[in-house]
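Visitor: I would like a close look at a single part of this protein, please. Pick one sheet and walk me through what surrounds it.

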Amino acid sequence: MTLFEDLKWRGLIKDTAGDDLEDKLNQGGLTFYIGADPSADSLHIGQLPTFLVIERLRRGGHKPIILVGGATGRVGDPRGTKEREKSDIKVVENNFEKIKLQMKKLFGENTLVVNNYDWFKTYNFIDFLRDVGKYVNVSYMINKDLVKRQMESGISYAEFSYMLIQGYDFKYIHDHYGATLQFGGSDQWGNLTTGIELIRKLNDESVYAFSCPLTLDSTGKKIGKSEGNALWLDKNKTSSYELYQYLINFEDIMMENYLKVYTFLSKEEIENILEEHNKEPEKRLAQKTLAREVITFLHGASEYEQAVKISEALFSGDIRSLNSEQIEIAFKGLPSKKIEQEENIVDLLVNTEICKSKREAREFITNRSISVNGCIVDDLDYIIRKEDAIDKLYIVIRRGKKKYYIIKFI
């Protein structure tokens, strides 16, 4: 299967520009670029399929350039909904540095990451209008889908001009770095083609572009931070365990698509996995394979293995097999109550507000509804000791089937 055929089979190509794009992709040797939005200090899981195309093209013999929009991030692109909030300059600069490190980690230290603020910070506004604005027709701009949709709710001149800025980015990277291909999400298609038009008019040259469909869930909603369900690619923002839990809970109906766009598994491998999965879907083979491939690519095999260990320990109740670091990861966001010395179980349940009263605490204990570090406690005289804590730090108390509480010795 050629590179172009593989991208099409995976559903990673929606729109294309350039009659011989297929041949060029299959031959290798192109310098290409993709833009990253610095509105956050990390990419999120919804963006990953598009950015994995960088690696697919790189393996096909093409050279990547990643543009983090330090200039465009100050403006914001039309999203077809409402105007973006104005971004703080220092925040955008910090986000650029963080994303730059993330891109180099994922795609190699030699990956060129550029910031369009470097060439826009000294570009005179009048010169920009003369050099760029006069070559792009307003009717062309307002007929782009995102612009048309946002015109209904109102669009500022700043966001309307975003198309010109991104179009010029393509020309600048073409002129200075030799890029002849740009790709991005399908919502960026109008911006991609604007760059092609500028290069055609100003350089009398033909260049290429293609778009990737946005990654959607089973209801047709985008997987991404704008939908309020972001999981970040930075493990310090979203742990590998959190990512593992998210991925293994994907619906079966989406697994063929997700295995295609999130992994580098071959067509034959994916077909075999799906065949085995369908025999015993309750084992979630497809979801576990997806989690393994994604987490290993992002964070390494050891992070994946730790995520599995935490998940299996919590499922089986074998809390004691975890260390203090893994406890912190597993129960991230769950507030911990601190104690200084050993306490009777009844007193501790009340003092830490796990139970409202000693009477309630005794009822939970005698009904075998309290477990300490995975072991059921039914002794009203049981003493919580520091020596029994995980790494002499943590006691994990479960009340009922799902409510967890963390006690930390200080």
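**The six-stranded sheet**

Guide: Let's begin in the middle of the sheet: strands S2 and S3 run parallel and are joined by six bridges. The model is predicted, so local features need pLDDT of at least 70 and side-chain atom pairs count only at pLDDT 80 or more, while totals for chains, interfaces and linings use all residues. Residues are numbered from 1 along each chain as its sequence is written, and side-chain values use heavy atoms, with hydrogens and water left out. The names we will use, such as S2 or H5, are DSSP runs numbered from the N terminus: helices are H or I with at least four residues, and strands are E with at least two.

Now step back to the whole sheet. It is open, has six strands in the order S1-S6-S5-S2-S3-S4, and its pairing is mixed. Strand S1 (16–17) and S4 are at the edges with a single partner strand each, so one side of each has no neighbour in the sheet. Two strands count as paired if DSSP finds at least two bridges between them.

A good residue to follow is Tyr33. Its bridge partner in S3 is Ile65, and in S5 Tyr33 stands opposite Gln182. S2 and S5 run parallel and are joined by two bridges. Moving on, S5 also runs parallel to strand S6 (residues 208–212), with five bridges between them. Here Leu181 has Tyr208 of S6 as its bridge partner.

How well covered is S5 (residues 181–185)? Five of its five residues are buried, where buried means under 20% relative accessible area, exposed means over 50% and partly exposed lies in between, using a 1.4 Å probe and protein chains only. In a regular strand, side chains alternate between the two faces of the sheet.

Next, meet a residue that touches this region. Thr50 is found in helix H3, and it counts as buried because its relative accessibility is 9%. Leaving out residues up to four places away in sequence, Thr50 touches Ile34, Phe183, Gly184, Gly185 and Cys212; a contact means heavy atoms within 4.5 Å.

Helix H5 (residues 89–107) is another neighbour. Its buried residues pack against strands S2 (31–36), S3 (63–68) and S4 (112–115), and also against helices H3 (48–59), H4 (72–75) and H16 (285–299). Among the buried residues of H5 are Val92, Phe96, Ile99 and Met103. An α-helix has 3.6 residues a turn, so residues three or four places apart point the same way. H5 has 19 residues and reaches 27 Å from its first C-alpha to its last, close to the 27 Å expected at 1.5 Å a residue; that expected span is 1.5 Å times one less than the number of residues. After H5 comes Gly108, whose phi is positive, near 105 degrees.

Finally, some context for the sheet. The protein chain has 20 helices and 13 strands, and buried residues make up 49% of its 410 residues. Of its contacts with a separation of 6 or more, 71% are between residues 24 or more positions apart. There is also an open sheet of five strands elsewhere to explore, in the order S7-S13-S12-S9-S10 and with mixed pairing.
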